[in-house]
Amino acid sequence: MLKFFLRNHDWVNGIAEARESLVAGKHRNDVIEQAINAIEDDRSIETVGPGGFPNFAGEMELDGAFMDGKGRMLGAIAAMKNIGRPVSVARKLMDVGLHTMLAGEGATEFALANGFTSSDILTPKMRQRWNLAVRPLHDEPGTIMEKVRGLNSFDLENDLESRSSQAPFDSKDTALMIASDGNDISIATSTSGWAGKHPGRVGDSPICGAGFYVDSRYGACGCTHMGEVAMRAATARLVVGAMSLGMPLSEAIAHAAKDLKTLSGGAGGGLVVHAVNQQGDYAVVSCNAGPVKFWFWNEKMPNPVLLDAEEWNH
């Protein structure tokens, strides 16, 4: 098995260090955690960690997950408040090895009991944006869900642009990374979730089989953008499961994309599918999610390269 990594988006944070760490022989889980921490700690990134947009109530609720393809150990954290590194809390939960998922207050309590520090992770910039775009809706009639639907229409960027002079921003994205240290494969995710979401909303990022899945015998898959779509189709598990049945990587992703077309009703939107097989072959496909970039490196390459995802529209 080759040493390699795949990470979504064009964020450069931690990319060079990930290559250096894998070359130096560090464990894949350490490499992934460090690379995603570099995104979580960057408050200029508006969809992950403390830089993200709060929920409808003005509170930060973070999600994250960690899964090791050797034995398929798993830790997932959902709707955690006041802790800025959900991927590290998820990894700790995986390493403890009792529960596989904790949510809300329980996730925060677990983090505090294991040495993580609580703080107000809502930035002044995002508090201002929330005050402009969401706070006025609290005084209008209707349920929270109706207001979230009206605020977004799955397009919060335009709403923010109309209510303030701020430029639009990507409100639905996740930090996702797959890595091999030459022995096995692991995957992890981290996100602040859908901007202005209903309190308690959890997307696909911490949901095993939907937003991520890995089995070192076959490969790994992770999804970003509209999590409701990935959860309904169990896309990540579907891709890895197809590879486990002998389907080539490209056919496994095509199979999953075809399955997405059968969904109807509910929240629509694009999905980006990132996948690798055990040999280190990779594919990233944007299914109605627009242009997307990602990083890839393996030990036969001098440096990581930033690539464009293949676009599939239907």
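**Entry 1: β11 and β12**

I looked up the pairing of β11 with β12 in this predicted model. The two strands run antiparallel and are joined by 4 bridges. I noted Trp295 standing opposite Leu306 of β12.

I then traced the sheet itself. It is an open sheet of 8 strands with mixed pairing, in the order β4-β3-β2-β6-β5-β1-β11-β12. Its edge strands, each paired on one side only, are β4 and β12 (305-308). Direction ignored, neighbouring strands in this sheet are turned by 10 degrees against each other on average.

**Entry 2: β6 and its partners**

I asked how many of the residues of β6 are buried. The count is 7 of the 7, so β6 is largely enclosed by the rest of the structure. I sorted the side chains by direction: Ile185, Ile187, Thr189 and Thr191 point one way, while Ser186, Ala188 and Ser190 point the other way. Both sets are buried.

On pairing, I found 6 bridges between β2 and β6, in the antiparallel sense. Asp63 has Thr191 of β6 as its bridge partner. Strand β5 (residues 175-181) also pairs with β6 in the antiparallel sense, over 6 bridges. There, Ile178 stands opposite Ile187 of β6.

I checked the connection as well. β5 and β6 form a hairpin with 3 residues between them. In that turn, Gly182 has a positive phi of about 95 degrees.

**Entry 3: α3 on the sheet**

I followed helix α3 next. The helix lies across β2, β3, β4 and β6, and it runs at about 140 degrees to β3. α4 also packs on the sheet, where it touches β3 and β4; its direction makes about 115 degrees with that of β3.

Is α3 enclosed or open? Of the 11 residues of α3 (residues 86-96), 8 are buried, so the helix is largely enclosed by the rest of the structure. I listed the buried residues as Pro86, Val87, Ser88, Val89, Ala90, Arg91, Leu93 and Met94. Their cover includes α2 (28-40), β2 (62-68), β3 (73-80), β4 (101-103), α4 (104-113) and β6 (185-191).

I took a second look at Arg91, one of these buried residues. Its charged end sits over the ring of Phe66, 5.9 Å from the ring centre. Just after α3, I found Gly97 with a positive phi of about 80 degrees.

**Entry 4: aromatic pairs**

I searched for aromatic pairs and recorded 4 in the structure. One of them is Tyr282 with Phe294, an edge-to-face pair at 5.9 Å centre to centre, with 65 degrees between the planes. This pair links distant parts of the chain, as Tyr282 is in strand β10 (residues 282-287) and Phe294 is in strand β11 (residues 293-298), 12 residues apart.

I compared burial for the two. Tyr282 is partly exposed at 36% relative accessibility, whereas Phe294 is buried at 3%. Both belong to one aromatic cluster with Phe4 and Phe296.

**Entry 5: cysteines**

How many disulfides does the whole structure hold? My search found 0.

I looked at why Cys208 is unbonded. The closest cysteine sulfur, in Cys221, is 12 Å from that of Cys208, too far for a bond. Cys208 counts as partly exposed, at 32% relative accessibility.

I did the same for Cys287. This residue is in no disulfide, and the nearest cysteine sulfur, that of Cys223, is 8.7 Å away. At 6% relative accessibility, Cys287 counts as buried.

How values were computed: Residues numbered from 1 in each chain as written. Predicted model: local features only at pLDDT ≥ 70, side-chain atom pairs only at ≥ 80, totals over all residues. Heavy atoms only, no water. Phe/Tyr/Trp six-rings, centres within 6.5 Å; stacked < 30°, edge-to-face > 60°. Buried < 20%, exposed > 50% of the residue type's maximum accessible area, 1.4 Å probe, protein only. Lys NZ or Arg CZ within 6 Å of the ring centre and 35° of its normal. Contact = heavy atoms within 4.5 Å. Pairing = 2+ DSSP bridges. Axes fitted to C-alpha atoms, helices over the stretch in contact; angles between N-to-C directions. Disulfide = S-S within 2.5 Å.
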